[in-house]
Number of protein chains: 2
Amino acid sequence: MSRKNSRTRILDAALTLITKRGEAGVTMAEIAKAARVSRQAVYLNFADRGDLLIALVRYVDEKRGLAQEIQKIANAPTGLEALRVMVSVQVRMNPGVWAIARAMDAVRRTDQAVERSWLDRLNSRLEGCRAIVARLARDGVLRKELPASAAADILWSVTSLRTWEDLVLQRGWTAAQYEERIYKLLLSTLTSK
Amino acid sequence: MSRKNSRTRILDAALTLITKRGEAGVTMAEIAKAARVSRQAVYLNFADRGDLLIALVRYVDEKRGLAQEIQKIANAPTGLEALRVMVSVQVRMNPGVWAIARAMDAVRRTDQAVERSWLDRLNSRLEGCRAIVARLARDGVLRKELPASAAADILWSVTSLRTWEDLVLQRGWTAAQYEERIYKLLLSTLTSK
DNA sequence: TACTTGACTTGACATGATGTCAAGTATTAC
DNA sequence: GTAATACTTGACATCATGTCAAGTCAAGTA
């Protein structure tokens, strides 16, 4: 068994456990057991809990093809189309990602490295939002009285995982409802009709 | 020293520590020390960590006069005014409340009682949102194509502590900017101009 | 064939937080 | 003067994290 095999087995096990049990009380020992590996093997592959989580996010991104999905947004013909595609990408990605995001959020207060990784992702999402707002502005559909930075912040916040969690997981919106209503919200908030 | 004194001293100490240090790694021993009380006194007054947190939210609500603030919303002359007052109440209350909310959110996954208390508050806020939406509908300003339940969900999500945290704490919006922009967002999303 | 190396296992250990228990002390209330 | 109340002190069990040392086992190399 090569190290690589162990490593991905551990990642898969962690992913399954955290996704299924909502992050709470998933212990390193349980992850090791689920990966059919000794607890110490986990520490040989990952420095600590935070390190495992950071690796896990990357792993999930890759597994789900995040990069390609983001490309789809950039490839949209217009700013408005980009907006629509962004919401639709979210709808597809979030169900598989939110549990790991919760887990990171829980640890980041006590783990510098996790906090950095968290802020990294946060910033790159914000960059994406700025790009879309810039396109809206170029297309001349951005509300005149709204500063671009504020528009990007709003887009970023409204399309956050947290909002999705609130509306879909808590309030029971279907994916289709979320997609349509959030798009409309963004339309009426960010654009002039 | 009566029990009541110890109890409020503990609550004040916990409030200060959690508010200052952002909830992470605030230990029962630290709280006890800050309250100049033995660690066991904490367990005599509160069953466990979760119980302390639950008591803490109530304590903060009372201290900050949450009930009166909510009354102000109900007293607003129109639905649109209620909406505005709601946002303004939020701006004033959130800074003193968010740290405790974070702490509860962190524990609720592993603590049934905390989860119940969390859902309680969540539901009562949702009720408040429904009431405002009902007033908007009665005033005839609610968007026709938007179901009241969806409107309430959106209002609830947009005015959540999380959104406030994102925009004010993370993105650095001032209180005034938050108040104005969120009100406008709600206006353009929920009402027909 | 013997030797080394890499990847892992086993089991022990230190640390730190939570929550519990038993026994003692001081203040108040009757 | 006694009993109850509200603590304090100190010990203890439990559990998760992370570390360490020694051993196994298969593959590649001399």
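Mentor: Before we start, one definition: copies are superposed by least squares on the C-alpha atoms of residues with pLDDT of at least 70 in both. Keep in mind too that this is a predicted model.

Trainee: Got it. What turn lays chain A on chain B?

Mentor: The superposition has an RMSD of 0.0 Å, with a shift of 0.0 Å along the axis. That is the relation of a two-fold axis. The turn is 180 degrees.

Trainee: What is chain A built from, helices or strands?

Mentor: Read chain A from the N terminus and the elements go α-α-α-α-α-α-α-α-α-α. Strands come to zero, so to speak in DSSP runs, the count for chain A is 10 helices.

Trainee: How much of chain A is buried?

Mentor: To count as buried, a residue needs 20 or more other C-beta atoms within 10 Å of its own. Chain A has 193 residues, and its C-alpha trace spans about 60 × 30 × 30 Å along the principal axes. The buried part of chain A is 34%.

Trainee: Which elements of chain A give two or more residues to the side that touches chain B?

Mentor: Let's start with the contact itself: 21 residues of chain A are in contact with 21 residues of chain B. On the chain A side, these are six nonpolar, eight polar and seven charged residues. Also, 100% of the interface residues of chain A are interface residues in chain B too, so the copies meet through the same surface. The elements you asked for are α8 (148-158), α9 (161-170) and α10 (175-190) of chain A.

Trainee: Which residues touch the most other members of the largest nonpolar core?

Mentor: That core holds 46 residues. Leave out residues up to four places away in sequence, and one of the pair in question touches A:Cys129, A:Ile132, A:Val133, A:Leu186 and A:Leu190. The two residues are A:Leu155 and B:Leu155.

Trainee: Is A:Arg36 buried or exposed?

Mentor: A:Arg36 sits in the loop between α2 (28-34) and α3 (39-45) of chain A. Its phi is positive, about 50 degrees, although A:Arg36 is not a glycine. Most residues other than glycine have a negative phi. As for burial, A:Arg36 has 11 C-beta neighbours inside 10 Å, so it counts as exposed.

Trainee: At which residue does α6(B) bend?

Mentor: Compare lengths to begin with: a straight helix of 30 residues would span 44 Å, while helix α6 (residues 79-108) of chain B spans only 34 Å between its end C-alpha atoms. The bend is about 60 degrees, and a proline, B:Pro95, follows within four residues. Buried residues in α6(B) include B:Met86, B:Gln90 and B:Ile100. The bend is at B:Asn94.

Trainee: How far apart in space are B:Leu44 and B:Glu81?

Mentor: B:Leu44 is in helix α3 (residues 39-45) of chain B. With 13 other C-beta atoms within 10 Å, B:Leu44 is partly exposed. In sequence, B:Leu44 and B:Glu81 are 37 residues apart. In space, C-alpha to C-alpha, the distance is 46 Å.

Technical notes: Residues numbered from 1 in each chain as written. Chains lettered and ligands numbered in written order. Predicted model: local features only at pLDDT ≥ 70, side-chain atom pairs only at ≥ 80, totals over all residues. Contact = placed C-beta atoms within 7 Å. Buried ≥ 20, exposed ≤ 12 C-beta atoms within 10 Å, placed from the backbone. Nonpolar A, V, L, I, M, F, W, Y, C, P; charged D, E, K, R; others polar. Core = buried A, V, L, I, M, F, W, Y, C linked by C-beta atoms within 7 Å. Expected span 1.5 Å × (residues − 1). Bend = angle between axes of the 7 residues up to and from the residue.
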